[in-house]
Amino acid sequence: MNRVIAIYPGRFHPFCPHHLKAYQRIANKFGPENTYVVSSNVRNSKDSPFTFDEKQTSAAYQGVPPDRFIQVKNPYSPKELLQQLNPQDSAVFVCGQKDRKRFQFKKQDGSSAYFQPYTGKDRLKPFREKGYVFFLPDIDMETPTGEKMSGTSMRKYLANANSEEFEHLMGF
């Protein structure tokens with residue numbers, strides 16, 4: 001039987017406590033040895049301010065092993081990670097509810113697209129043939145100001161946080 005690899009793609013500007021909670025859920029479901037977080041080094045000053053190294057370091061402080069946080073050019077097509085895996089492995093991309101719109105399961109002609117929903121019941125094909133998508137339920141966490149936790153709300157909060165507030169929320 002082929003190994004099932006869980007891939008948690010995202011921008012992670014910054015890697016926040018709700019991302020950690022998602023990672024922990026994924027690792028519990030698929031095994032920590034089969035779970036990877038992938039992100040790029042794309043940045044700009046407004047909504048993508050962190051380098052890959054800063055995101056990886058932040059995730060490591062929160063408990064994600066650095067060798068499980070992989071730099072890729074495109075998190076939703078992580079060729080750099082897939083090239084390191086056994087071609088018989090299957091890949092399940094684990095995303096939040098807001099990412100549903102990123103995936104189409106049918107082509108325009110009605111045939112199956114590369115990505116298919118992950119049910120946990122089907123025999124999975126190797127990632128060279130198909131990729132699977134599993135949507136995590138939303139993780140309800142709030143920033144200290146009461147906003148729903150997201151990268152946007154966290155960047156806004158952290159921009160004005162003092163060192164104690166930063167450490168309390170981020171864990172380092």
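Mentor: Buried means under 20% relative accessible area, exposed means over 50%, and partly exposed is in between (1.4 Å probe, protein chains only). This is a predicted model, in which local features need pLDDT of at least 70, side-chain atom pairs count only at pLDDT 80 or more, and totals for chains, interfaces and linings use all residues. Residues are numbered from 1 along each chain as its sequence is written, and side-chain values use heavy atoms, with hydrogens and water left out.

Trainee: Which are the buried residues of helix 4?

Mentor: Helices (H or I, at least four residues) and strands (E, at least two) are DSSP runs, numbered from the N terminus. What covers the buried residues of helix 4 includes helix 1 and helix 5, the latter spanning 163-170. The residues that are buried in helix 4 are Gly151, Ser153, Met154, Arg155, Tyr157 and Leu158.

Trainee: In what order do the six strands of the open sheet stand?

Mentor: Two strands pair if DSSP finds at least two bridges between them. The pairing in this open sheet is parallel, and the order of its six strands is 3-2-1-4-6-5.

Trainee: Which strands stand at the edges of the sheet?

Mentor: A strand at an edge of this sheet has a single partner strand, so one side of it is left without a neighbour in the sheet. The two strands placed in this way are strand 3 (69-71) and strand 5 (115-117).

Trainee: Which residue is the bridge partner of Gln116 in strand 6?

Mentor: Strand 6 covers residues 131-135, and its pairing with strand 5 is in the parallel sense over three bridges. Looking along strand 6 for the bridge partner of Gln116, we arrive at Tyr132.

Trainee: How many residues of strand 2 are buried?

Mentor: On one side of strand 2 lie Thr35, Val37 and Ser39, on the other lie Tyr36 and Val38, and all of these are buried, which leaves both faces covered. In a regular strand the side chains alternate between the two faces of the sheet. The number of strand 2 residues that are buried is therefore five of five.

Trainee: Which residue is the bridge partner of Pro9 in strand 2?

Mentor: Strand 1 and strand 2 are joined in the parallel sense over four bridges, and one of the partnerships with strand 2 links Ala6 to Thr35. For Pro9, the bridge partner in strand 2 is Val38.

Trainee: Which residue in strand 4 stands opposite Ile7?

Mentor: Strand 1 is mostly covered, with five of its six residues buried. Strand 1 also pairs with strand 4, again in the parallel sense and over four bridges. Opposite Ile7, in strand 4, stands Phe93.

Trainee: Which strands does helix 2 touch?

Mentor: Contact means heavy atoms within 4.5 Å. Helix 1 lies across strand 1, strand 2, strand 4 and strand 6. Helix 2 (residues 52-62) also packs on the sheet, where the strands that helix 2 touches are strand 2 and strand 3.

Trainee: Is Lys107 buried or partly exposed?

Mentor: Lys107 is found in the loop between strand 4 and strand 5. Leaving aside its neighbours within four places in sequence, Lys107 is in contact with Ser112 and Ala113. Because its relative accessible area is 48%, Lys107 is partly exposed.

Trainee: What separates the C-alpha atoms of Lys107 and Leu20?

Mentor: Along the chain, Lys107 and Leu20 are 87 residues apart. In space, the separation of the C-alpha atoms of Lys107 and Leu20 is 33 Å.

Notes
Axes fitted to C-alpha atoms, helices over the stretch in contact; angles between N-to-C directions.
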